[in-house]
Amino acid sequence: MASRPPRVHPAGQRMPVPARQRRPRGRSSAARYLPVLLFVLGYLVVTALWPIQMWVAGLYLVASVVCFVVYAVDKSAAKAQRQRVSESTLLFLGVVGGWPGAIVAQQTLRHKTQKASFLRAFWGTVVINVIVFAVFATPAFALIVDWAEHTLF
């Protein structure tokens, strides 16, 4: 990152360059991780009531780690003005189960937290993923299949 030249007063004296001010963040940092905590708690409750295969937890873990790494690569590329990771790739990684890692990356790396259109799409992918998880991990899927068999056939 190139440094700015010193500001010079009309009389020829150097003036200090003001420090970059950060905008205050709305919520506490702990609240930013609340969706991840709620999902983990919900996952544990669902697992206690209806056994879930271990590979599902593995999928979320691997997808989250991959998603975090891809966010870090994108942040690095943004700083270095290199080719960026497309937003559709970031959103896809979130919808397939990497959204917990995306939230952690967004908060720890301070990346992709300001663009409103991306955030709307991101939270949409989170909702889609949680709904799909709820349908397939609970008896709801069996009820839907049962209903479909009796109604359609």
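Biologist: In which helix does Q106 lie?
Modeller: This is a predicted model, in which local features need pLDDT of at least 70, side-chain atom pairs count only at pLDDT 80 or more, and totals for chains, interfaces and linings use all residues. Residues are numbered from 1 along each chain as its sequence is written, and side-chain values use heavy atoms, with hydrogens and water left out. Helices are DSSP runs of H or I with at least four residues, strands are runs of E with at least two, and both are numbered from the N terminus. Q106 lies in helix α4.

Biologist: Is Q106 buried or exposed?
Modeller: Buried means under 20% relative accessible area, exposed means over 50%, and partly exposed is in between, using a 1.4 Å probe and protein chains only. Q106 has a relative accessibility of 3%, so it counts as buried.

Biologist: Which residue has a side chain joined to that of Q106 by a polar contact?
Modeller: Contact means heavy atoms within 4.5 Å, and beyond its neighbours within four places in sequence Q106 is in contact with residues including H111, K112, T113 and F118. A polar contact is stricter: a pair of N or O atoms within 3.5 Å, where within protein one must be able to donate a hydrogen and the other to accept it, and residues adjacent in sequence count only if both atoms are side-chain atoms. At 3.3 Å, the side chain of Q106 has such a contact with that of Y71.

Biologist: Over the ring of which residue does the charged end of K112 sit?
Modeller: A charge sits over a ring if NZ of Lys or CZ of Arg is within 6 Å of the ring centre and within 35 degrees of the ring normal. The charged end of K112 is 5.0 Å from the centre of the ring it sits over, which belongs to F118.

Biologist: How many salt bridges does the whole structure hold?
Modeller: A salt bridge is a side-chain nitrogen of Lys or Arg within 4 Å of a carboxyl oxygen of Asp or Glu. A search of the whole structure gives a count of three.

Biologist: How many residues apart in sequence are the parts tied together by D74 and R84?
Modeller: D74 is buried because its relative accessibility is 0%, whereas R84, at 38%, is partly exposed. They form a salt bridge in which the closest N and O atoms are 2.8 Å apart. D74 lies in helix α3 (residues 54-80) and R84 in the loop between α3 and α4 (87-109), so the separation of these parts is 10 residues.

Biologist: Which residues form one network through salt bridges that share partners?
Modeller: K112 and E87 form a salt bridge with closest N and O atoms 2.9 Å apart. This pair links the loop between α4 and α5 (116-137) with helix α4. E87 also meets K115 in a salt bridge of 2.9 Å, N to O. The shared partners join E87, K112 and K115.

Biologist: What kind of ring pair do F39 and W99 form?
Modeller: Rings of Phe, Tyr and Trp (its six-membered ring) pair if their centres lie within 6.5 Å; planes under 30 degrees apart are stacked, over 60 edge-to-face, and the rest tilted. F39 is buried because its relative accessible area is 11%. The rings of F39 and W99 have centres 5.1 Å apart and planes at 70 degrees, so the pair is edge-to-face.

Biologist: What kind of ring pair do F39 and Y43 form?
Modeller: The count of aromatic pairs comes to eight. The centres of the F39 and Y43 rings are 6.3 Å apart and their planes are at 50 degrees, so this pair is tilted.

Biologist: Which helix gives the most to the largest nonpolar core?
Modeller: A nonpolar core is a set of buried Ala, Val, Leu, Ile, Met, Phe, Trp, Tyr and Cys residues joined through side-chain atoms within 4.5 Å. The largest has 22 residues, of which I52, Y71, W99, F122 and F133 touch the most other members. At least two of its residues come from each of α2, α3, α4 and α5. With seven residues, the helix that gives the most is α4.
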